[in-house]
Amino acid sequence: MKSKVLLMLLVICVSNALVYAISLPNADVNPNGSSRKKNRDCTATLSGDNCVGSVLTVTSSEPVASISWELNGTTILTQGTVQQNNGVVVAGGNGGGTGGNQLNSPNRLFVDAQGNLYIPDMGNNRVQKWAPGATFGVTVAGGNGSGSNANQFNRPTSVAVDAAGNVYVADQNNNRVQKWAPGATAGVTVATSLNTPTGVFIDAQGNLFVSQQNGASVLKFPAAGGTGIVVAGGNGYGSAANQLSTPTGIFVDAAGNLYICDTDNGRVQKWAPGATSGVTVARSNGSIYLGNPLGVFVDGSGNIYVTDYTGYSVQKWTPGSSTGIIIAGGNGQGTNANQVTPVGVWMDAHNNLYVTDFSSNRVIKFANIYTGTLTTTLPGIYTAKIKTTTGCEVVSNQIVVADNKVAGITITSSANTVCSSFQPVFTANTVNGGTNPVFKWKINGIDVSGAINATFSDAGLKVADVVTCELRSNEVCVQNAIVNSNPITLQAPDQSASPSVVISTDKDEICQGAHITFSAQVTNAGTNPVYLWKVNGNDVSDAPHGAVYETNLLNDLDEVSCVITSDAPYCQLLSVVSSNKISVKVKPNLTPTLVITHNQTEIYKGAAVTFQTSVVNGGVNPVFDWQVNGRSVGISTPGFTTTTLVDGDEVSCTMIADLVCTYNAVAGSNGIVVKVITPTKILPPTAFSPNGDGINDQWQIRGISAFPNCKVRIFNRYGGEVFKSVGYSKSWEGDYKGKLCDPGVFYYVINLDHKQVISGSLMIMK
């Protein structure tokens with residue numbers, strides 16, 4: 001229910017003292033907010049698809065002055081029908097020249113989906129690519145001077161770019177069209193022997209169209225190759241509907257209609273696909289002059305944009321209109337932003353109009369051109385706010401646009417081999433297939449009847465067959481509803497598909513009787529292979545038929561192996577295979593033994609005595625524990641020296657062997673019961689004979705070891721000291737300074753304990 005709001009307008013006429021009250025309609029308010037109107041009734045209807053990339057079109061019940069396009073309530077673009085005086089230089093504009101920031105007589109340009117400008121820089125015989133916002137261009141074709149070589153041009157007048165990024169150039173004075181692949185350093189001729197080619201265009205199917213300025217015709221080269229076919233003109237120079245006079249700029253719309261700047265006839269001709277004559281869609285009339293049309297572009301609403309070179313303007317002709325309007329330029333020749341000498345014209349997806357200004361050596365961008373259309377680039381809620389020429393304002397209905405999706409299908413198989421025993425099973429995995437995807441399985445490109453499910457198997461499959469699957473998606477906003485999967489080529493079973501088994505063990509070597517574990521790792525053996533373990537080639541009858549074998553019965557250098565039988569559900573050359581062999585090092589268990597000895601034949605009280613160990617199978621670093629009368633003395637070294645033994649003490653030792661393999665690492669030694677002598681009197685010998693015969697070669701003093709701190713001095717008969725020691729652990733051998741003393745009498749003085757001093761003489765004999 002709408003509510004009408006009336007305002008009372010109070011008008012006072014003072015002279016006549018009259019008061020008038022007038023009711024005026026102010027606004028219609030729709031409670032649901034779907035349409036807002038001001039001052040008078042008007043309508044705006046928005047139509048188009050619901051996927052990103054679709055073209056939305058708005059129509060109004062009255063002539064439109066401006067449109068504000070809104071996404072999620074925020075204005076993203078405003079279009080107006082007024083003449084544009086807001087041109088911005090986006091390429092060149094730095095004087096004519098050869099610099100990267102300069103152009104020289106720019107001609108019919110092309111703008112790709114990313115906003116890159118491709119400009120035929122005619123005077124420099126090159127094509128320049130200007131990225132959005134760039135301050136200089138990059139040469140992508142030519143630039144090697146004027147000439148006819150593959151890397152040269154002679155007057156490039158038009159450029160077009162296909163979906164793969166290939167650049168097509170009308171090389172006018174060489175009467176050819178050159179194709180430059182991305183990054184190429186030279187072009188390839190795709191059309192030759194032309195008659196002054198001037199305009200080029202690539203349609204959505206990749207067909208190449210070329211206008212022949214002096215040939216009064218337009219040729220079509222299917223798939224941009226082969227022999228050209230006349231699709232417009234070709235009936236001589238003239239002004240009849242089936243004739244052209246100096247055709248220059250061309251454009252092909254989505255329906256395949258060909259628009260031609262019929263320059264010398266001062267008109268634009270539209271040739272439908274297959275037509276034998278054209279229809280004039282723009283020409284001079286009483287309200288507008290179109291003197292020298294050189295470039296043409298048609299937007300998604302069918303509006304035609306024509307450059308008038310001698311009129312210094314760009315004209316817009318709406319569909320079916322008998323007259324056009326100047327949308328840009330029209331202010332004479334000059335270098336101001338609202339002045340152009342136009343040749344080429346192009347409009348991007350955001351309704352920005354690009355015009356090559358031939359005389360000023362620049363490209364000018366005119367923003368916000370009114371087309372009544374918008375190419376959606378983002379998902380969201382779109383509306384169009386219309387303002388008509390009578391002042392009515394209204395917001396259109398909403399269209400919800402979803403993001404585009406890409407359908408995909410990948411197939412896998414349980415095996416890539418086929419044989420009589422096993423047929424592989426194929427499974428289709430989809431991305432954006434929709435709620436009810438349709439599958440079509442194929443063998444060698446031929447549909448398999450009834451194979452429409454997500455899984456597939458066929459008993460007739462054979463080696464070299466190629467299996468694929470076609471997906472028909474019903475997902476919303478999917479870009480390509482029909483896609484094909486990867487191919488799977490079936491193969492004969494080979495060695496790589498055969499089972500294999502590798503065994504390993506948890507130990508490199510073991511002790512006799514120790515447990516050792518072997519594990520088998522298998523590939524291509526199925527889910528439940530059968531394991532048969534062997535020792536020295538003989539079956540282990542008591543081993544479980546599993547992947548693990550554990551035993552403590554191995555002997556040194558026994559060889560362990562495993563044989564498996566595969567249950568893989570696919571073809572294999574072999575089903576029974578043997579593993580590697582592992583030779584086990586088994587060490588015997590050793591028994592450690594310990595014997596102790598001492599270095600004294602007689603032990604005197606207070607004398608030092610040393611005990612030593614003699615070890616068998618003690619390992620590298622055995623640990624010892626010496627005991628006297630069964631009690632540890634805290635010594636863990638192989639030797640033990642003491643001066644505190646008393647008569648009857650028993651010395652023994654315990655050893656912990658450093659062995660990997662032993663039943664018992666602890667060994668006890670023999671016990672030594674010592675007899676300690678308490679000397680009552682020291683009687684040194686009176687003579688000895690150090691002649692090396694092993695008999696009485698040293699002056700040995702019995703019992704002196706009981707006095708470890710004694711001082712022994714020996715003098716020759718002249719009173720010269722020939723021997724001196726503290727303690728007498730090493731007996732004198734009759735030498736002095738390394739030389740044997742001469743036989744004769746010597747004298748000794750022995751201080752036993754600072755209390756007892758004995759002295760006397762001794763004889764060295766031969």
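This is a short dialogue about reading strands, a cavity and annotated repeats in a predicted model.

Trainee: Let's start with strands. How do strands of a sheet pair?

Mentor: Strands of a sheet pair through backbone hydrogen bonds, and the pairing can be parallel or antiparallel. Now look at strand 3 (residues 44-47) and strand 4 (residues 55-60): they run antiparallel, joined by 4 bridges.

Trainee: Which residue in strand 4 is the bridge partner of S47?

Mentor: That is T57. Follow T57 onward and you find a bridge partner in strand 31 as well, namely T373. Strand 31 covers residues 373-375, and 3 bridges join strand 4 to strand 31, again antiparallel.

Trainee: Which strands form the open sheet, and in what order?

Mentor: The order is 16-17-18-19, with antiparallel pairing. Strand 16 and strand 19 (229-233) each have a single partner strand, so they stand at the edges and one side of each has no neighbour in the sheet. On average, neighbouring strands here are turned by 25° against each other, with direction ignored.

Trainee: How many bridges join strand 18 to strand 19?

Mentor: There are 4, and strand 18 (residues 217-221) runs antiparallel to strand 19. You can pick out one pair by eye: V218 has A232 in strand 19 as its bridge partner.

Trainee: And where do the side chains of a regular strand go?

Mentor: They alternate between the two faces of the sheet. Keep that in mind as you look at the model.

Trainee: Next, empty space. How is it found?

Mentor: The idea is to roll a probe the size of a water molecule over the atoms, which shows where empty space is left. In this structure there is 1 cavity of 30 Å³ or more. The volume of the largest cavity is about 140 Å³. It is lined by 16 residues, and those closest to its centre are R108, L109, S158, I250 and V296.

Trainee: Which strands each supply at least two residues of that lining?

Mentor: They are strand 12 (156-161), strand 16 (197-202), strand 20 (247-252), strand 24 (293-298) and strand 28 (342-347). You have met strand 16 already, at an edge of the open sheet. By type, the lining of the largest cavity has 10 nonpolar residues, 5 polar and 1 charged.

Trainee: Last one: which residues does the annotation "repeat: NHL" cover?

Mentor: The unreviewed UniProt entry places it on residues 147-183 and 237-274. For residues 147-183, the end C-alpha atoms lie 20 Å apart, and the span is 43% strand and 0% helix. For residues 237-274, the end C-alpha atoms lie 20 Å apart, with 42% strand and 0% helix.

Technical notes. Residues are numbered from 1 along each chain as its sequence is written. This is a predicted model: local features need pLDDT of at least 70, side-chain atom pairs count only at pLDDT 80 or more; totals for chains, interfaces and linings use all residues. Side-chain values use heavy atoms; hydrogens and water are left out. Two strands pair if DSSP finds at least two bridges between them. On a 1 Å grid over the protein atoms alone, a cavity is a set of points where a 1.4 Å probe fits but cannot get out, and a pocket is an open set with protein on both sides within 12 Å along at least five of seven lines; lining residues have an atom within 4 Å of a point. Grid points are joined across faces, edges and corners, and a volume is the space filled by probe spheres set on the points. Ala, Val, Leu, Ile, Met, Phe, Trp, Tyr, Cys and Pro count as nonpolar, Asp, Glu, Lys and Arg as charged, and the others, Gly among them, as polar. Axes are lines fitted to C-alpha atoms, for helices over the stretch in contact, and angles run from 0 to 180 degrees between N-to-C directions. UniProt positions are given in the numbering used here, feature names are shortened, and annotations may be inferred rather than shown by experiment.
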